[in-house]
Amino acid sequence: MRIGLFYDNSNICYGTLNFFMSKIEETLLKYGVDTEKIVILDEEMTTRRFDAFIGFNMILSSIQMPDGSYVMDSFGCPFFNIIVDPPYYHNSALNPHMNNLYCIFLDKGHVDYCNQYYLPCKNVEMGYLLGPIGKEVPYQERKIDVLFTGGLYDFENIKDKYLEELASIELRKLLLYLIECGKRYPEKTMVECVRIWINHYDYKISNNDFNLLMGTIGLKAEYYLRGYYREQIVKTLIREGVKVHIAGEGWEKLAVEEKCKDNLVLMGSLDMQQTGDITSNSKILINVMPWFKDGIHDRVLTAMHNGTVCVSDSSSYIDSKFENMENIVLYNLKQIDEIPN
């Protein structure tokens with residue numbers, strides 16, 4: 001068996017996708033599967049036989065030939081596209097798409113959305129990812145009490161710029177409503193918030209237009225809320241005297257603004273294996289789910305596999321798989337003030 005593995009050449013998100021792909025390759029090789037690392041699809045590849053392809057967030061599934069056929073269908077084998085975001089982040093990869101496409105998402109709600117709003121795939125399933133395992137450190141000897149892994153972006157500035165770009169007053173109102181909905185009802189998905197808006201005004205909207213709203217206004221609102229809750233939680237912790245080590249970019253402004261900046265230890269940008277090493281040297285990892293309401297992020301599982309206590313907001317999937325205060329410690333986004341305790 002021969003499987004082509006698409007590696008990302010943009011090194012997005014600290015190289016996480018390439019890290020995951022390298023682990024897939026490592027595992028396939030253990031099972032005697034012949035693999036080929038692919039960065040760019042070229043014509044010479046079409047002369048070789050493949051039994052399957054695997055990629056992350058790949059747009060190749062939608063690239064067509066002049067005759068309208070899909071490039072990837074010419075290989076006559078399945079293409080497994082692992083999509084680590086909501087499907088509406090990747091409209092270009094999913095609509096339209098090759099015939100022999102299999103999709104894997106990290107949230108059951110994303111699976112349902114893909115099945116409802118895009119052309120049928122061969123199969124759509126939920127999976128999950130696991131980050132690196134660091135060097136084993138006895139729990140009481142670990143140097144870091146509380147760790148947060150992830151960057152912080154200027155979500156307020158991004159929102160303001162996007163509002164200026166929107167020509168319609170109604171769409172501006174929708175964006176502001178979705179942000180407020182996410183703050184007031186953080187347990188709701190963005191799809192639910194958009195539907196509440198549509199039902200309130202009794203709008204008649206097609207599936208295509210709904211998907212367009214999700215991939216534009218909904219996407220921006222979700223992106224804002226991810227940054228908002230990350231900042232709020234870290235602020236709350238350091239103001240209550242909890243020292244937080246942060247592996248990720250973009251936190252310098254907060255460090256300058258906060259009087260209790262001594263409680264914020266910035267470690268800068270780290271690659272995945274470095275992140276694994278500091279996770280295994282930490283007692284607690286604080287996680288904020290990336291608006292997955294029925295899925296799980298790799299930070300949760302990575303913390304567990306490194307013997308680190310994961311303190312996270314929940315999802316329907318987490319509630320069904322883990323016991324609070326036994327396998328994981330859960331907090332409520334509506335009660336951030338309680339997290340320091």
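**Note on the predicted model: sheet, helix packing, cores and cysteines**

1. Strand 5, which spans residues 101–105, pairs with strand 6 in the parallel sense, and the pairing extends over 4 bridges. Within this pair, Phe-105 stands opposite Met-126 of strand 6. The reader should keep in mind that the model is a predicted one.

2. These two strands belong to an open sheet of 6 strands with parallel pairing, in which the strand order is 2-1-3-4-5-6. The edges are formed by strand 2 (34–38) and strand 6 (123–126), each of which pairs on one side only. On average, and with direction ignored, neighbouring strands of the sheet are turned by 20° against each other.

3. Helix 3, made up of residues 108–117, lies across strand 5 and strand 6, and its direction is at about 165° to that of strand 6. Helix 3 also packs with helix 7, at an angle of about 140° and with the two axes 10 Å apart. The pair is therefore classed as oblique, since the roughly antiparallel class is reserved for angles over 145 degrees. On the side of helix 3 the residues that meet helix 7 are Tyr-113, Gln-116 and Tyr-117, while helix 7 contributes Asn-207, Phe-210, Asn-211 and Met-214.

4. The largest nonpolar core contains 73 residues, and those with the most contacts inside it are Phe-53, Phe-79, Met-190 and Ile-233. Helix 7, which covers residues 207–239, supplies the largest share of this core, with 13 residues. Another core, of 34 residues, lies apart from it and has among its members Tyr-7, Phe-19, Ile-278 and Ile-318. As general background, nonpolar side chains tend to be buried together in soluble globular proteins.

5. Phe-79 deserves a separate look. When residues up to four places away in sequence are not counted, Phe-79 touches a set of residues that includes Phe-6, Phe-53, Ile-54, Met-58, Leu-60, Met-72, Met-98, Leu-101 and Tyr-102. The list of contacts also includes Gly-55, Ser-61 and Asn-100.

6. How many disulfides does the structure hold? The count is 0, and for Cys-77, which is in no disulfide, the nearest cysteine sulfur is that of Cys-103, 15 Å away, whereas a disulfide would need the two sulfur atoms within 2.5 Å. Cys-77 has a relative accessible area of 4% and is therefore buried, and Cys-193 likewise counts as buried because its relative accessibility is 0%; the cut-off for this class is under 20%.

Key
Residues numbered from 1 in each chain as written. Predicted model: local features only at pLDDT ≥ 70, side-chain atom pairs only at ≥ 80, totals over all residues. Heavy atoms only, no water. Buried < 20%, exposed > 50% of the residue type's maximum accessible area, 1.4 Å probe, protein only. Pairing = 2+ DSSP bridges. Axes fitted to C-alpha atoms, helices over the stretch in contact; angles between N-to-C directions. Contact = heavy atoms within 4.5 Å. Core = buried A, V, L, I, M, F, W, Y, C linked by side-chain atoms within 4.5 Å. Parallel < 35°, antiparallel > 145°, perpendicular 65-115°, else oblique.
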